[in-house]
Amino acid sequence: MEYRPLGRTGLQVSEIGYGAWGIGGSMWIGADEDESLAALHRAIELGVNVIDTARGYGESERIVGGVIREHPDVHVATKVPPKNGVWPAPSGIHADEAFPGEHIRASLETSLAASGLEAFDVLQLHVWSDEWVGQGDWLETVADLRQEGKIRFFGVSINDYQPENVLALVRSGAVDTVQVIYNAFHQRPEEQLLPACAEHGVGVIVRVALDEGGLTGRVTADSTFPDGDFRNRYFGGDRRAQVEQHVTALVDELGITTDELADVALRYVLDEPAVSTVIAGMRTVRNVERNAATSDGRRLTDAQREVVRRHRWERNFYQAPDAG
Ligand SMILES: NC(=O)c1ccc[n+]([C@@H]2O[C@H](COP(=O)([O-])OP(=O)(O)OC[C@H]3O[C@@H](n4cnc5c(N)ncnc54)[C@H](OP(=O)(O)O)[C@@H]3O)[C@@H](O)[C@H]2O)c1
């Protein structure tokens with residue numbers, strides 16, 4: 001496993017991190033807790049030292065906390081949900097509606113109790129609107145929580161597919177990390193966000209590098225997901241067929257099998273030096289081992305990178321299928 005600086009925090013984080021949404025049983029259905037625990041333990045054994053969870057991920061904080069108490073050297077990032085429950089943060093909403101200081105504090109206390117941890121390495125706001133720079137009391141609360149030793153660093157998770165909607169915050173110097181969707185299809189963060197984070201020493205935590213499974217070659221026109229699983233909506237309508245079409249075109253041009261696609265997809269985002277860590281969702285030991293193996297210092301060839309660049313496919317699958 002290779003390690004990179006998490007912006008200016010002084011932490012060195014593993015290139016492959018652990019995305020702990022799927023193991024919480026909230027919107028991803030079918031995770032078996034014993035299997036999730038085995039996957040988490042294997043990830044740590046293989047050098048993964050950063051885990052991303054959230055207050056809103058069902059049992060995830062409890063499961064992660066139980067493992068981390070035995071591994072205090074592993075860094076844990078959690079998130080505060082917006083008080084108004086609105087995802088993603090729309091424009092025109094005051095910071096006090098989404099993240100009043102007292103709400104941030106109360107949510108953190110609940111996360112600490114659920115996880116059994118004394119502090120989190122990173123506390124992230126689960127949505128963000130750049131209009132909130134200079135509004136409300138979130139910044140003072142964050143400073144107080146740091147002072148009290150309950151959090152070490154502060155970050156935000158950027159709204160889906162809005163990588164520019166954080167640039168003012170990045171430039172303000174108030175944030176240590178940003179979490180962003182960045183993958184072989186959604187390449188827009190390369191345009192402004194990644195250069196801005198590199199310039200201002202902000203750590204970049206990449207989420208959804210595998211497009212919720214779309215970039216693993218395992219989503220085809222005939223795929224099914226358990227009842228209640230959010231992927232029924234994400235890959236709803238004719239989207240499974242669209243994904244299969246895009247993936248087939250990409251792997252054909254790369255000259256690889258669909259089974260090799262996840263490896264290329266992870267290497268594509270790791271090619272960007274501004275990226276600190278890629279928090280892959282991986283509930284099985286098999287996927288942990290395959291993903292950890294991509295952090296071997298080898299990079300894509302220029303030709304492979306150019307092929308992936310040509311297969312850029314910007315769209316928003318978090319919106320309902322009939323919304324486009
Ligand atoms: N708004 C937010 O802040 C937000 C939103 C979304 C996600 N996140 C964070 O980002 C993390 C990553 O996103 P994600 O988990 O939603 O999606 P993801 O990492 O893009 O994809 C996860 C999917 O890929 C599969 N997979 C992983 N490695 C594989 C491999 N080598 N071969 C084949 N399949 C593989 C996983 O299967 P298994 O799980 O069955 O192993 C799972 O179905 C989350 O866990 C969460 O921590 C944050």
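This is a brief walk through a predicted model, from its cores to its cavities and a few backbone details.

Let's start inside. The largest nonpolar core has 97 residues. Which of them touch the most other members? They are Tyr18, Trp132, Val156, Val166 and Val178. Helix 10, residues 261-270, gives the most to this core, with eight residues. A second core lies apart from the 97-residue one. That other core has nine residues, among them Leu11, Val13, Val50 and Ile279. As a general point, nonpolar side chains in soluble globular proteins tend to be buried together.

Stay with Trp132 for a moment. What does Trp132 contact, once we leave aside neighbours within four places in sequence? The list runs Ala89, Ile93, His94, Ala95, Ala98, Phe99, Val127 and Trp138.

Trp138 takes us to a helix pair. Helix 4 covers residues 101-115, and helix 5 covers 138-147. Their axes come within 8 Å and cross at roughly 35°. On the helix 4 side, look at Gly101, Ile104, Arg105 and Leu108. Facing them from helix 5 are Trp138, Thr141, Asp144 and Leu145. By class, that contact has four nonpolar, two polar and two charged residues.

Just a word on Glu148. Glu148 sits in the loop between helix 5 and strand 7. Is Glu148 buried, exposed or partly exposed? The relative accessible area is 40%, so Glu148 is partly exposed. Glu148 and Ala293 are 145 residues apart in sequence, and their C-alpha atoms are 38 Å apart in space.

Now the empty space. How many cavities of 30 Å³ or more are there? The count comes to two.

The largest cavity holds about 50 Å³. Ten names, if you want to click along: Leu6, Leu11, Val50, His75, Val76, Ala77, Asp121, Val122, Ile205 and Thr277 line the largest cavity. Strand 5 and strand 6 are the elements that give two or more residues to this lining. Strand 5 has the largest share, three residues. Seven lining residues are nonpolar, two are polar and one is charged. Leu11 and Val50 are worth noting here: they line this cavity, and they also belong to the nine-residue core.

The second largest cavity holds about 30 Å³. Its lining is Ile158, Asn159, Tyr161, Gln162, Pro163, Val180, Ile181, His186 and Arg207. That makes five nonpolar, three polar and one charged by class.

One pocket as well. The second largest pocket has a volume of about 210 Å³. Val76 and Asp121 are in its lining, and both also line the largest cavity. Other lining residues of this pocket include Ile68, Arg69, Pro72 and Phe120. By class, the pocket lining has seven nonpolar, one polar and three charged residues.

Last, the backbone. Most residues other than glycine have a negative phi, and most peptide bonds are trans. Here are some exceptions.

Trp87 and Pro88 are joined by a cis peptide bond, with omega about -15°. Pro88 is in the loop between strand 5 and helix 3.

Tyr161, from the second cavity lining, has a positive phi of about 55°. Tyr161 is in the loop between strand 7 and helix 6. Its relative accessibility is 10%, so Tyr161 counts as buried.

Asp211 also has a positive phi, near 50°. Where is Asp211? Look in the loop between strand 9 and helix 8. Asp211 counts as buried because its relative accessibility is 0%.

Note on methods: Residues numbered from 1 in each chain as written. Predicted model: local features only at pLDDT ≥ 70, side-chain atom pairs only at ≥ 80, totals over all residues. Heavy atoms only, no water. Core = buried A, V, L, I, M, F, W, Y, C linked by side-chain atoms within 4.5 Å. Buried < 20%, exposed > 50% of the residue type's maximum accessible area, 1.4 Å probe, protein only. Helix = DSSP H or I, 4+ residues; strand = E, 2+ residues; numbered from the N terminus. Contact = heavy atoms within 4.5 Å. Axes fitted to C-alpha atoms, helices over the stretch in contact; angles between N-to-C directions. Nonpolar A, V, L, I, M, F, W, Y, C, P; charged D, E, K, R; others polar. 1 Å grid on protein atoms, 1.4 Å probe; cavity = no way out; pocket = protein on both sides within 12 Å on 5 of 7 lines; lining within 4 Å. Points joined across faces, edges and corners; volume = space filled by probe spheres on them.
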